[in-house]
Amino acid sequence: VGQADPNPLRDLVSDILDRQPQPRDLTLTIDRRLQDFAQAQLGGNRGAIVAIDPATGALLALVSSPTFDANPISGNPDAAQPAMDALRADPAQPLLTRARQGQYTPGSIMKVVTAVAALESGVITPDTTFPDQPRQETEGMLVDGFTIREHDMGGIRPGLWPLSEALQVSSNIFFANVGLELGAERFLEAARRMGFCDALGIGPPGRALSVAPSYVTGAVEGDCGPFEGDVELASAAFGQGETFVTPVQMALVAAAVAGDGVMPRPFVVRDVRAHSEGSTPSETILETLSSGGGTRVMSSETAAQVRSAMLDAVNGELGRLFAGEADITLYGVTENRAAGKTGTAQLGGEQAPHSWFIGFAPAEEGGTPEIAVAVLVESGGSGATGAAPIGGRVMAEWIRLSGE
């Protein structure tokens with residue numbers, strides 16, 4: 001139940017006459033069944049799950065964990081203060097809305113952004129290979145005196161991989177080469193086009209839920225600063241370095257690929273209604289809200305090429321070794337396929353990496369994507385074993401629910 005009247009003149013008159021505001025009911029786009037299901041998938045882990053309809057921008061689930069009981073901090077401010085102090089001091093940071101405000105190293109899910117930027121600029125095609133890559137896979141890639149190393153590929157022999165195979169095995173070396181070929185200026189331009197480097201909002205301007213900015217370089221006064229050299233650029237191209245992203249931002253990247261290159265404007269309030277005292281919503285709709293469309297951030301051709309590579313990253317011969325746990329056929333949806341990308345974001349020191357997955361379904365040729373997701377498990381280990389199965393289950397659950 002909200003207190004704000006959608007008509008500002010009525011609010012003004014109520015203030016002048018000292019009238020109590022009339023309560024209003026909000027109808028959300030969040031599906032309670034999917035929200036509860038997604039929350040359960042995180043279990044006791046810290047993290048976030050964002051699920052969005054790529055066609056409309058309607059948020060289907062927005063999960064942050066851990067949660068907290070709001071009752072002790074409601075009512076009398078003096079009585080609520082000790083409970084609020086305890087929440088603020090909790091090292092698990094339950095007050096942090098991780099889906100919107102958490103900023104995390106993305107790891108290999110950022111390779112989707114790099115692929116979009118390079119294809120869109122014409123720097124690569126889906127068939128591009130780098131002649132030195134097989135050697136660099138084993139010996140390392142020297143950039144300005146710094147050696148970039150490949151991740152553990154579990155015994156897969158290096159090859160002259162084009163885009164699909166490079167995304168399937170999640171080759172850091174391939175995407176570092178792509179980033180350097182792309183260059184700092186075009187990388188930043190493409191990132192900004194996809195919503196990075198500035199705050200986002202969920203809902204209409206002026207009444208939007210804020211989303212913290214996502215950065216591909218070190219932040220400077222709320223914007224992406226310049227790359228400080230080729231090492232930072234190459235590292236950002238595979239999601240390390242100074243890249244920090246929100247789960248909402250990465251769900252929107254997946255939604256843009258799923259949506260033929262159009263990034264939807266997310267929204268979470270479907271309409272405002274007259275207040276109902278009972279359990280049945282009022283039929284009196286005072287205001288209808290929607291995303292107001294979307295923004296084309298890549299061509300249809302680029303979206304199709306990246307969609308194909310992400311489909312292979314889950315279902316391909318090599319991809320199944322790294323993201324196969326996101327395959328929705330494992331969770332009872334046998335007639336459709338999912339596309340996606342895992343991420344294992346290295347944090348340095350003794351910290352376990354963040355586990356990521358972004359994806360969408362249905363993704364097979366001729367299929368119309370109904371859901372795009374971003375899954376983050378803080379310090380959850382590899383994306384393959386942590387976030388990928390959660391993403392697969394959430395996508396499969398929505399396809400089942402939407403078919404009922």
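These legends accompany close-up views of helices in a predicted model. Residues are numbered from 1 along each chain as its sequence is written, and side-chain values use heavy atoms, without hydrogens or water. Local features need pLDDT of at least 70 and side-chain atom pairs count only at pLDDT 80 or more, while totals for chains, interfaces and linings use all residues.

**View 1. Helices α5 and α8 cross at roughly 40°.** Here α5 spans residues 110–121 and α8 residues 172–182, with helices taken as DSSP runs (H or I, at least four residues) and numbered from the N terminus. Their axes (lines fitted to C-alpha atoms over the stretch in contact, with angles from 0 to 180 degrees between N-to-C directions) come within 10 Å.

**View 2. Residues of α5 meet residues of α8 in a contact (heavy atoms within 4.5 Å).** From α5 come Lys111, Thr114, Ala115, Ala117, Ala118 and Ser121. Their partners on α8 are Asn172, Phe175, Val178, Gly179 and Leu182.

**View 3. Helix α2 (residues 32–42) has buried residues (under 20% relative accessible area, 1.4 Å probe, protein chains only).** Look for Leu34, Gln35, Ala38, Gln41 and Leu42. They cover an arc of only 125° around the axis (from the directions to the C-beta atoms), so they sit on the same side of α2. Arg32 and Ala40, on the other side, are exposed (over 50%).

**View 4. Strands and a helix cover the buried residues of α2.** Among the covering elements are β2 (47–52), β3 (59–65), β16 (371–377) and α14 (387–403); strands are DSSP runs of E, at least two residues. Following α2 is Gly43, with a positive phi near 60°.
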